[in-house]
Amino acid sequence: MAAQGTSTDGDIGWPSLAGLRGAHVFLHDGVWYGVVASYDEDAITIMDLSDANSPMPLAEMRHNIASGQYLRGAQGLTTFSVNGVLWLAVAASGSNAVQLIDITEPALPEAVTVCIDGQSGFTALGGVRDVVAFSREGGTFLLAVSDGDSAVQLIDVSARAAHLRPRPPLPNPP
């Protein structure tokens, strides 16, 4: 093992690295990127990891309800693609929400839609801590885990993310 580049909160050009709770790495158009979630700063930071000795910040997004950015208590992160669009899903426990961000252009992230506990049929996102994406049977889904509700929430993201609806509960086995 060998240590590579580091960056700390307050380094020139590096915003929102205090209280990091989540990290995710993804490959897009032949470039490695990383995204970190700052619980304390209610923000996410996307970085270019092309040079392991010098990770470079590309974009930051902070909690701002007026702009549709529900990132209070950001922690869990995952990426997935639907219809050629690269998405970042952020579990934001303080917002009781999973925020969906279009990161097809990683330097220009755009908050597109949000799934909020108690709205639009979402009932298990209170204190959401983590979210993972998976595909099966031709569909793409998110599995969100909620500490506040002691529950999991499945979210079908197969269709356009702007029209997300919660997956109906599975029937109880006989």
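Begin with the whole chain: residues 24 or more positions apart account for 40% of the contacts with a separation of 6 or more in the protein, where contact means heavy atoms within 4.5 Å. This is a predicted model, in which local features need pLDDT of at least 70 and side-chain atom pairs count only at pLDDT 80 or more, while totals for chains, interfaces and linings use all residues. Residues are numbered from 1 along each chain as its sequence is written, and side-chain values use heavy atoms, with hydrogens and water left out.

Colour the model by secondary structure next, and the protein shows zero helices and twelve strands; helices (H or I, at least four residues) and strands (E, at least two) are DSSP runs, numbered from the N terminus. Switching to a surface view, the accessible surface comes to about 8900 Å², of which 51% belongs to carbon and sulfur atoms, as computed by the Shrake-Rupley method with a 1.4 Å probe. Of the 174 residues, 43% count as buried, a word that stands for under 20% relative accessible area, with exposed for over 50% and partly exposed for what lies in between (1.4 Å probe, protein chains only).

**First stop: strands 1 to 4**

Select strands 1 to 4, and you have an open sheet of four strands in the order 1-2-3-4 with antiparallel pairing; two strands are said to pair if DSSP finds at least two bridges between them. Strand 1 (20-28) and strand 4 (56-62) are at the edges with a single partner strand each, so one side of each is left without a neighbour in the sheet. From one strand to the next, the twist averages 20 degrees, with axes taken as lines fitted to C-alpha atoms and angles running from 0 to 180 degrees between N-to-C directions.

Now narrow the selection to strand 3 (residues 43-48) and strand 4, which run antiparallel and are joined by six bridges. Show Asp48 and look across to strand 4, where its bridge partner is Met56. In the loop between these two strands, strand 3 and strand 4, you will find Asp51, which is partly exposed with a relative accessible area of 40%. Add Gln4 to the view: Asp51 and Gln4 are 47 residues apart in sequence, yet their C-alpha atoms are 9.5 Å apart in space.

**Second stop: rings and charges**

Display the aromatic side chains, among which a search of the whole structure finds two aromatic pairs; rings of Phe, Tyr and Trp (its six-membered ring) pair if their centres lie within 6.5 Å, and planes under 30 degrees apart count as stacked, over 60 as edge-to-face and the rest as tilted. Phe26 and Tyr33 form a stacked pair, with 5.5 Å from centre to centre and 20 degrees between the planes, and both Phe26 and Tyr33 are buried. Phe134 and Phe141 have ring centres 5.6 Å apart and planes at 25 degrees, so this pair is stacked. Within that pair, Phe134 is partly exposed at a relative accessible area of 31%, whereas Phe141 counts as buried at 7% relative accessibility.

Keep Phe141 on screen and add Arg136, whose charged end sits over the ring of Phe141 at 5.4 Å from its centre; a charge is taken to sit over a ring if NZ of Lys or CZ of Arg is within 6 Å of the ring centre and within 35 degrees of the ring normal. Then select Arg21, which lies over the face of Tyr39 at 3.9 Å from the ring centre.

**Third stop: strands 5 to 8**

Before reaching strand 5, pause in the loop between strand 4 and strand 5, which holds Gly68, a partly exposed residue with a relative accessible area of 26%. Leaving aside residues up to four places away in sequence, Gly68 touches Gln99 and Ala111. Gly68 and Thr113 are 45 residues apart in sequence, with their C-alpha atoms 7.4 Å apart in space.

Select strands 5 to 8 to see an open sheet of four strands, in the order 5-6-7-8 and with antiparallel pairing. Its edge strands are strand 5 and strand 8 (110-116), each of which pairs on one side only, and the twist averages 25 degrees from one strand to the next.

How many of the nine residues of strand 5 (residues 74-82) are buried? Eight of them are, so strand 5 is largely enclosed by the rest of the structure. Strand 5 and strand 6 (residues 85-92) pair in the antiparallel sense over eight bridges, and Ser81 stands opposite Leu86 in strand 6. The hairpin of these two strands, strand 5 and strand 6, has two residues between the strands, and there Asn83 takes a positive phi near 50 degrees. To finish, follow strand 6 to strand 7 (residues 97-102), with which it pairs in the antiparallel sense over six bridges, and find Ala91 opposite Val98 in strand 7.
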